[in-house]
Amino acid sequence: MLYSQKEERERRFTLALRAGVPILILVFLVFYTTLDHSSTLTIGLKDGMLLAAITFIAIYYIYFLMNLSVQETFLDATTQGFNKKTFVKKLQEYKPKSLACLSVENLPLLSENYSSEQIDNLLYTISRKLNLIFKQNGLEKVLIGRGRGSEFLIALNDDYTHIEKILETLIKENGHINDIDVELKFAIITNPNGDFKKAILQLRDILASQAEDNNQEKDTSKIKDAQELSDIEKEVIATIQKKKLLLSFRPLMNTSNHKIDTYEISVKLKSDTHKDILPRIFLPIINRLGLGREYDFTLITHVIDLLPLVNESISFTFNLSPFSLRDSSFQAKLFAYLEEKQVDPSRIIIQLYERKTHHDLSGYLRTLKSFRSHSIRICIDNFGSSNASMEYMKHFKFDMIQFDRSYVTNLEDETTYAMLHSLINMAKELNVQTVAKWVDNEIQENKLKALGIDYIQGFGVSKSINEETLINRYN
């Protein structure tokens, strides 16, 4: 039994006592005052009807309170762990040393392909497995709650390395539950210091920042100290306000003339007190704080200001959030800034990267057309990583596509090679330029050139350069 279920059982029992005892006392007092104590006890029709009425009222009252207790339960109906409201309240009493979040990463996809009953059973099973594995490791009083849809929140007073090993074991042993393939990942916050609502938000930031490949550093991406994260958050806010972006430029070589005429921009935040802050760290924070549009505008205006400082043949490609692109005020400010600076907008290539097709595809594509009407070019990044890429291609004329990393790293695979060949031919027929990144050796370069790729980028071409080097090279 989950600790939350024990708590709920105790709560209902206490509520039943609080409801039933006063009623029983009331019944006793009524009969004590109405009966004639000097004569033999007799219950007439009137007294019988009164007794029946009081009994009915008592039973109905107790049932009403019990039903109300179910509606106001501690428990999440699906997982039987604590619901979020109760979980946060319990944290104030429990004051755990560590707080963790286990997330079912593919829950949205599973929800599209399995019934609601199957998904509920899956989440309940995960909750039971969590409880069981902690008990097997000698941890009885573990708070397990439900956060947002895919989140299991966990709190306990134990060393964080112990929790990490337990959760890693759980994930390793449960990739397949109830005949469903499950993708799980976790994050841990240490020393939350009483600000548990913020700690839960920080857990989500850590989950969002974890790399999608298997090369991530476990210690830095899964476990963070709450105070350290708070300091980083303050630093992120300060650097955004001060517009302290640190840009690096990855060369894209044109395979037709072997010249570099385009650079892909990657961004870090320049910190005064910490190491330079990586995108996987700062992007979840700025998105949570609603600073995404401010960051994107700072980035694109920085690029616009840079254009006159380098050769006119050089273009820049970089990522902007779809939420910024859809924002009408962001568009108005950007187009006004372009008009003011009088630069060639075709030298700007905005990268799009969305896992799923936008729910209002026609509206989104109208947004993209407004950017193209100002001569800004549009590129799909990580092309081929999802069905959304092909859905966009069916409805919109893009200028460039950058293939997903897996196509380049698996060129020796016949199926991958054939698929890439087909996609490049499709792009050529549509007059769309193609880019292959992560090209690290001459073998990959030769194969990609043979396939007819337009641009290649990676260590096989050149390392990234900083802004000062770029300006000195092309000014």
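**Sides, angles and cores**

Author: Glu468 and Asn472 are exposed (over 50% relative accessible area, 1.4 Å probe, protein chains only). They lie on the other side of α19 from its buried residues. The model is predicted: local features need pLDDT of at least 70 and side-chain atom pairs 80 or more, while totals for chains, interfaces and linings use all residues. Residues are numbered from 1 along each chain as its sequence is written, and side-chain values use heavy atoms, without hydrogens or water.

Reader: Which residues of α19 are buried?

Author: Leu470, Ile471 and Tyr474, in a helix that spans residues 467-474. Buried means under 20% relative accessible area. A helix is a DSSP run of H or I with at least four residues; a strand is a run of E with at least two; both are numbered from the N terminus.

Reader: What puts these residues on the same side of α19?

Author: Their arc around the axis is only 95°, so they share a side of α19. The arc is taken from the directions from the helix axis to the C-beta atoms.

Reader: What covers them?

Author: The cover includes β8 (245-254), β9 (259-269), α11, β10 (315-319) and β16 (465-466).

Reader: Why is Trp438 called partly exposed?

Author: Its relative accessibility is 40%. Partly exposed runs between the buried and exposed limits, so Trp438 fits. Trp438 sits in the loop between β14 (433-436) and α18 (442-451). Beyond four places in sequence, Trp438 touches Arg405, Val408, Gln444, Gln457 and Gly458. A contact needs heavy atoms within 4.5 Å.

Reader: What makes α9 roughly perpendicular to α10?

Author: The axes of α9 (residues 226-242) and α10 (residues 279-288) cross at roughly 80° and come within 10 Å. Roughly perpendicular means 65 to 115 degrees, so α9 and α10 qualify. On the α9 side, Ile232, Glu233, Val236 and Ile240 make the contact. On the α10 side, Ile281, Phe282, Ile285, Ile286 and Arg288 do.

Reader: Which residues does Ile350 contact?

Author: Setting aside neighbours within four places in sequence, they include Ile300, Phe318, Leu320 and Phe371.

Reader: What makes Phe316 and Ile350 stand out in the largest nonpolar core?

Author: Of its 73 residues, Phe316 and Ile350 touch the most other members. A nonpolar core joins buried Ala, Val, Leu, Ile, Met, Phe, Trp, Tyr and Cys residues through side-chain atoms within 4.5 Å. Helix α11 (residues 292-306) gives this core its largest share, seven residues. Another core, of 51 residues, lies apart from it, with Leu91 and Phe152 among its members.

Note on methods
Axes fitted to C-alpha atoms, helices over the stretch in contact; angles between N-to-C directions. Parallel < 35°, antiparallel > 145°, perpendicular 65-115°, else oblique.
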